[in-house]
Amino acid sequence: MITEPIFENTKIAFALKSDVELERAFFLFKMISIQPLVKIGTAATNLAIKANLPVEGLIRVTVFNHFCGGVNEEDCLPVIDKMYEKGVSSVLDYSVEGKENEAEFDSALTTVLRIMDFAKERKAMPIAVFKPTGFGRFKLFEKLGRGDDLSKEERDEWHRVESRFETVCKKAKDNGLALLIDAEESWMQDAADELVTKMMQKYNTEKAVVFNTLQLYRHDRLDYLKKQHELARQNGYYLGYKIVRGAYMEKENERAEEYKYESPICKNKFATDTNFDQTAQYILDHLEDICLFAGTHNEDSTYLIMEQMKMKGIPNDDPRIWFGQLYGMSDHISFNLADKGYNVAKYVPFGPVKDVMPYLIRRAEENTSVAGQTGRELSLLSKEKKRRKLEE
Ligand SMILES: Cc1cc2nc3c(=O)[nH]c(=O)nc-3n(C[C@H](O)[C@H](O)[C@H](O)COP(=O)(O)OP(=O)(O)OC[C@H]3O[C@@H](n4cnc5c(N)ncnc54)[C@H](O)[C@@H]3O)c2cc1C
């Protein structure tokens, strides 16, 4: 490794955490690390919410406060400002999921547009984000992706989805923001990809404004990127890609098994890691055409990108390269990268407690199932607790 190992510096990593907050984070990760507890806790919480039991307060002071910035954007301001003092930007993520009707899609659109105006005034928020199924019915994306004919009503419905995408992309360009569009399950993603490509053709003519997401647990994504690159070259527009490993692995494998098709997921973790690193490499080799947002908590992949930047003589703060982590996770990566001058942004989820539950449950499960991730958080928090004790 030619890059110095910077992620061990817990003083920088946790500079924003008071002693009490450090203890709270330690306790939370300790709980999350107990798999049966997460399973029971998740089931009990879902039941309690459905039964309208007063559990919101408890959720708020535990997982919600750790993984979310607040209920609305104003609530998130203290977090945004504090992180920016340390050089870490915020991507406010309206994390309400599973909505199904037009009024809810319009309301999500209004919220995203409002955040983009909120961001326009703030240097700490150079990037916006949304989820395709926040703006349209999952089943509609799925049907279109399969190539099925749409009814007249469905065609009208799809036009409204296109128009929501268009409105947000235009706003991003007008407000001088970059716009990340998340990726979801593979069986709805084709229709989203096609629409995002249209948006890139229209809004990325001078620079990358619109970023699509590549989930590198999918073995077809590097080829897909190369084809998109060819298309962009032929038609003269820039590409922006957020690269992630992917958050829906179990669901993907289960569905493939149920419907008897080859799973789109790489055959093992090593294959996903290789795919992720090769894709990052491909983008860094073509930075003149493609911008990179590396959304990962994986230290090896992050070091690899840093190393390649160094070898190619790319400055740490090159505006075409961003690193991203989720709020409440991997502060050792975010704050140490920012300390060395790299561009870093954290997704800061927000929304009503009840509505962000699917997001919170994914985070709890992810931290339980990903071997090593919680252990790493715990060991760093514990190291920092000891360091502070010695300093007293
Ligand atoms: C800023 C940001 C934005 C994100 N946006 C999205 C998004 O739009 N869409 C989305 O789906 N996810 C998104 N994610 C989540 C992301 O996909 C991962 O779930 C999460 O970051 C964990 O992966 P990692 O790169 O941090 O590293 P690691 O912890 O090293 O990798 C864990 C990941 O590896 C893969 N994996 C694990 N085991 C296997 C196996 N046996 N075979 C194959 N692959 C395996 C899975 O994808 C798993 O999540 C985002 C994450 C961040 C930080």
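Trainee: What is the volume of the largest cavity, and how do I read it?

Mentor: Rolling a probe the size of a water molecule over the atoms shows where empty space is left. Here the largest cavity has a volume of about 50 Å³, counted as the space filled by probe spheres set on the grid points, joined across faces, edges and corners. A cavity is a set of points, on a 1 Å grid over the protein atoms alone, where a 1.4 Å probe fits but can't get out. Mind you, this is a predicted model, with local features needing pLDDT of at least 70 and side-chain atom pairs 80 or more, while totals for chains, interfaces and linings use all residues. Residues are numbered from 1 along each chain as its sequence is written, and side-chain values use heavy atoms, leaving out hydrogens and water.

Trainee: How many cavities of 30 Å³ or more are there, and which residues line the largest?

Mentor: Just one reaches 30 Å³ or more. Its lining (atoms within 4 Å of a point) includes Phe14, Phe29, His66 and Glu377. Helices H2 (19-32) and H16 (373-391) each give two or more residues to that lining.

Trainee: And which residues are closest to the ligand?

Mentor: Lys242, Gly246, Thr272, Thr296 and His297 are the closest of the 28 that surround the ligand, with heavy atoms within 4 Å.

Trainee: Which ligand atom pairs with the side chain of threonine 296?

Mentor: A ligand oxygen, 2.7 Å from an N or O atom in that side chain. Another polar contact (N or O atoms within 3.5 Å) joins a ligand oxygen to the side chain of aspartate 182 at 3.3 Å. For asparagine 268, a backbone N or O atom lies 3.5 Å from a ligand nitrogen.

Technical notes. A polar contact is a pair of N or O atoms within 3.5 Å; within protein, one must be able to donate a hydrogen and the other to accept it, and residues adjacent in sequence count only if both atoms are side-chain atoms. On a 1 Å grid over the protein atoms alone, a cavity is a set of points where a 1.4 Å probe fits but cannot get out, and a pocket is an open set with protein on both sides within 12 Å along at least five of seven lines; lining residues have an atom within 4 Å of a point. Helices (H or I, at least four residues) and strands (E, at least two) are DSSP runs, numbered from the N terminus.
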